[in-house]
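Here's a quick look at one protein chain, with a focus on how some of its helices pack and what its cysteines are up to. Have the structure open while you read.

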Amino acid sequence: MTALIALVRSMVTVMVLWQRYLAPLIPFVGLPAVLTSSDSGPLAATYGSAAGAMLVCSVRQTMALIGLEDQTRRSVVIVTAGSHLRVLLGSVGTALLWCLPLTAAGPVLPPAFGKHTFTGAGAVLGVESQLTCALIGIAIGVLCSRLVFRRQGYALVTALALLLAALLGKGISPVNIPLGDLQGASGSAALVGSTGVLLTVTTAVLAATVAITQAVGVRRS
């Protein structure tokens, strides 16, 4: 555990020094600002914009984090860390840490940009929705990283296809379901429980994609 914490700390330092956090940060703030600035409808519906932005940004950030080092440098990091899995988990943990401040800011952005009444239940719903999208985004980013796809073009096309499937998979996608519920809800409290269940499902999805990526990465190394 100590080695994993040190690895995450090192990745966070590199991410900050190389400013790899800026590119996904801009659309995360910009999308809710554009979509909710003139909106005065239910607060629950506005959280869909922040959750959708989190989905796209977490994919981009995860792929960038896993691609920070070239193959030679990554081999050195693997030897130092002690295993391929530990390095992969370090990348996932760093992506999660990057998502946490955005998750805290997300429930505040729609009331700040539009005319909405801030509620505790709404804030909880916003956090759950964003974490759900963050976990799915990280899962897609891991699966479409260079550990699985050597060619960047194939990785980007696959990531786009998976993003569309997550957004448009009506009734089956753990992203589409809460986003649809948010758009059709006038209150927040009724959705807190169901969104929390989906958050558990997305955790299992992330674990599965990490296992697949680990197996492919070890086989190719």
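What follows covers two helix pairs, then the cysteines, then one alanine.

This is a predicted model, so local features need pLDDT of at least 70 and side-chain atom pairs count only at pLDDT 80 or more, while totals for chains, interfaces and linings use all residues. Residues are numbered from 1 along each chain as its sequence is written, and side-chain values use heavy atoms, with hydrogens and water left out.

**Helix pairs**

Two packed helices are described by the angle between their axes and the distance between the axes. Helices here are DSSP runs (H or I, at least four residues), numbered from the N terminus. Axes are lines fitted to C-alpha atoms over the stretch in contact, with angles running from 0 to 180 degrees between N-to-C directions.

| Pair | Axis angle | Axis distance |
|---|---|---|
| Helix 7 (residues 120-143) and helix 8 (residues 152-168) | roughly 155 degrees | within 10 Å |
| Helix 1 (residues 2-17) and helix 5 (residues 84-105) | about 55 degrees | 9 Å |

Take helix 7 and helix 8. Their angle makes helix 7 roughly antiparallel to helix 8; angles over 145 degrees count as roughly antiparallel, under 35 as roughly parallel, 65 to 115 as roughly perpendicular and the rest as oblique. On the helix 7 side, Ile 136, Ile 140 and Leu 143 touch Ala 159, Leu 162, Leu 163 and Ala 166 of helix 8, where contact means heavy atoms within 4.5 Å. By class, that contact has seven nonpolar, no polar and no charged residues.

Now helix 1 and helix 5. With that angle, helix 1 sits oblique to helix 5. Residues of helix 1 in the contact include Leu 4, Leu 7 and Met 11, and their partners in helix 5 include Arg 86, Thr 94 and Trp 98. By class, this contact has 11 nonpolar, three polar and one charged residues.

**Cysteines**

How many disulfides turn up in the whole structure? Zero, taking a disulfide as a pair of cysteine sulfur atoms within 2.5 Å. For Cys 57, the closest cysteine sulfur is in Cys 99, 8.7 Å away, so that's too far for a bond. Cys 144 also has Cys 99 as its closest, at 16 Å between sulfurs, again too far. Cys 57 is buried at 2% relative accessibility, and Cys 144 is buried at 1%; buried means under 20% relative accessible area, exposed over 50% and partly exposed in between (1.4 Å probe, protein chains only).

**One alanine**

Ala 23 is in helix 2 (residues 22-36) and counts as partly exposed at 46% relative accessibility. Its C-alpha atom lies 26 Å from that of Ala 123, 100 residues apart along the chain.

Methods
Helices (H or I, at least four residues) and strands (E, at least two) are DSSP runs, numbered from the N terminus. Ala, Val, Leu, Ile, Met, Phe, Trp, Tyr, Cys and Pro count as nonpolar, Asp, Glu, Lys and Arg as charged, and the others, Gly among them, as polar.
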